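Reader: Could you take me through the charged side-chain pairs in this model, one by one? I would like a close look at that part, in plain words.

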Amino acid sequence: HKLIDEINEEARGNNLIGTTKKGIGPAYEDKVGRRAIRLCDLNDHLNLKSKIKNLYDFHLPRIKDLNKSIDFEKAYEDLIEISKEIIKFSSPVWKIINDAGKQNKFILFEGAQGSLLDIDFGTYPYVTSSNTSSGQIFSGTGFGIKENHNVMGITKAYTTRVGSGPFITELNDEIGTHFVEKGQEFGTVTKRKRRCGWFDCVLVSQSIAINGITDVVLTKLDVLDDLKEIKVCIGYQDGQKKYNYLPFNENIHENLIPIYETLPGWQTSTFGLTSWDELPKKAQDYINFLESKIEKNISIISTGPDRAHTIDRNNLL
């Protein structure tokens, strides 16, 4: 799948959507096309070989077009060799987690990507190949209990994005560079420099609604410590028309201009603080302002990279 992804990018001539080139897209294409190899298939070697051959035949035209090659037999043998180690992790996960839910046990689901990368509700086509909103928990795991949930939404005190796609509040100046350097904004997978911009209440509010978020976690507050002024995006404008959401229409995105409100910075260190009362008054004002715009409690605030650098305002931890 990684090779197929690289072939696709080579055929396009450049990396238009900012893919990681790890083969995620082709893997999802094969899943939807009912060609995918599942964990349970490793128990039946004859069926497994047939499925690998089917995948090989399907992708062969693209492989040949760009003079690439895949050793089908070796791929099969390598998978058989490691299958014993992989199969031991195979279990009816849907049953295990539903049984745990019936026993009222604490179950934590963690999302790996931002809401705006969702295949349905993100900035299409600059998205990943799956649903990244909280609703994916139910369809992706088979967990069926819908009561007694809290959904934590994690967002930085400014906005970042890896890869291509619309970014209304992006900063291509010294402040954007400051966010990159002080916030160490480099992609965890690709190590690409993240694009940075001001906090966007429009996108955060939209993500809160789509995900059913109950509490917000605000991270990297200390990255803003040195700034004299801090801008917050509270809406978008295209000519005379204003938006309090991000329209799906791709042709509109490049015309959207952020509507900002400017707040004074606190210009003193918040690094490592663990109490709300320790925060500078202007830092408190900034957080209260964000709460008023996104209409949701910011219950946890991160002031540094260590787990202890945390302010828990509502005793959630």
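Author: Happy to; here is a walk through the salt bridges of this structure.

The model is predicted: local features need pLDDT of at least 70, side-chain atom pairs count only at pLDDT 80 or more, and totals for chains, interfaces and linings use all residues. Residues are numbered from 1 along each chain as its sequence is written, and side-chain values use heavy atoms, with hydrogens and water left out.

Side chains of opposite charge can pair when their charged atoms come close. Here a salt bridge means a side-chain nitrogen of Lys or Arg within 4 Å of a carboxyl oxygen of Asp or Glu. By this rule the structure has 15 salt bridges.

Let's begin inside one helix. K74 pairs with D78, and their closest N and O atoms are 2.8 Å apart. Both residues belong to helix 4 (residues 72-87), where they sit four residues apart, about one turn of the helix. Helices (H or I, at least four residues) and strands (E, at least two) are DSSP runs, numbered from the N terminus. As for accessibility, buried means under 20% relative accessible area, exposed over 50%, and partly exposed in between (1.4 Å probe, protein chains only). K74, at 44% relative accessibility, is therefore partly exposed, and D78 is partly exposed too, at 34%.

The next pair joins separate parts of the sequence. R195 and E170 meet through their side chains in a salt bridge of 2.9 Å, N to O. R195 is in strand 3 (residues 195-197), while E170 is in the loop between strand 2 (159-161) and helix 7 (174-183), so this pair ties together parts that are 25 residues apart in sequence. E170 has 25% relative accessibility, so this residue counts as partly exposed.

Another such link is made by E291 and R313, whose closest N and O atoms lie 3.1 Å apart in a salt bridge. E291 belongs to helix 10 (residues 281-294) and R313 to the segment after strand 10 (310-312), so the parts tied together are 22 residues apart in sequence. With a relative accessible area of 16%, E291 is buried, whereas R313, at 27% relative accessibility, counts as partly exposed.

Finally, there is a group to look for on your screen: K156, E185, R194 and K220 are linked in a network of salt bridges.
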